Amino acid sequence: MREESTARNLQDYQVAPEPEKVVQAAPKVHSVKLSKFETVSIVGLSLLTLALMVALVSIKVSMTSSQNELDSLTNQISKTNTSNVNLRQEISELSSFDRFSSFAKKHNLKMSDNNVRNISR
């Protein structure tokens, strides 16, 4: 039964020899000096970046200060509007017809229709 097997016999194959490893020398590294233009460019861009960072922080602080001032003014406006509404309510209560009528009764005053004139345009 073994002769009828379709499996390959591994012993018949030869093992290929491993290729020899070639050691390459490390590439030579040498540094290149920066030109004056490159040095000036690096320093200039660094200073520009620093100036922009300082400007950004300054603008943020100014914006926060302005926002706080705006909030304070908005709060003050709200308080003034509330005070105005309360004063209008008080004016309305003090100038009501019932109050005038009670004041008139208290001081023995009477309303005479003969002394009232209606004017219309």
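On the surface of this predicted model, Val43, Leu47, Leu50, Met53 and Val54 form a nonpolar patch with about 470 Å² of accessible area together, where areas follow the Shrake-Rupley method with a 1.4 Å probe and, for residues, only the protein chains shown count as cover. Patch members have over 30% relative accessible area and no salt bridge, nonpolar side chains (Val, Leu, Ile, Met, Phe, Trp, Tyr) being joined within 5 Å and like charges within 9 Å; a salt bridge places a side-chain nitrogen of Lys or Arg within 4 Å of a carboxyl oxygen of Asp or Glu.

One of these residues, Met53, sits in helix α1 (residues 36–94) and is partly exposed, with a relative accessible area of 46%; buried means under 20%, exposed over 50%, and partly exposed in between (1.4 Å probe, protein chains only). An unreviewed UniProt entry annotates residues 40–59 as "transmembrane region", although such annotations may be inferred rather than shown by experiment. That span, residues 40–59, is 100% helix and 0% strand, with its end C-alpha atoms 28 Å apart.

The chain has 2 helices and 0 strands, these being DSSP runs numbered from the N terminus (H or I, at least four residues, for helices; E, at least two, for strands). Of its 121 residues, 1% count as buried, and carbon and sulfur atoms supply 58% of the roughly stated total of about 13,300 Å² that the chain exposes.

In the segment after α2 (97–106) lies Asn108, which is exposed at a relative accessible area of 69% and has a positive phi near 55 degrees. Most residues other than glycine have a negative phi.

Residues are numbered from 1 along each chain as its sequence is written, and side-chain values use heavy atoms, leaving out hydrogens and water. Local features need pLDDT of at least 70 and side-chain atom pairs count only at pLDDT 80 or more, whereas totals for chains, interfaces and linings use all residues.
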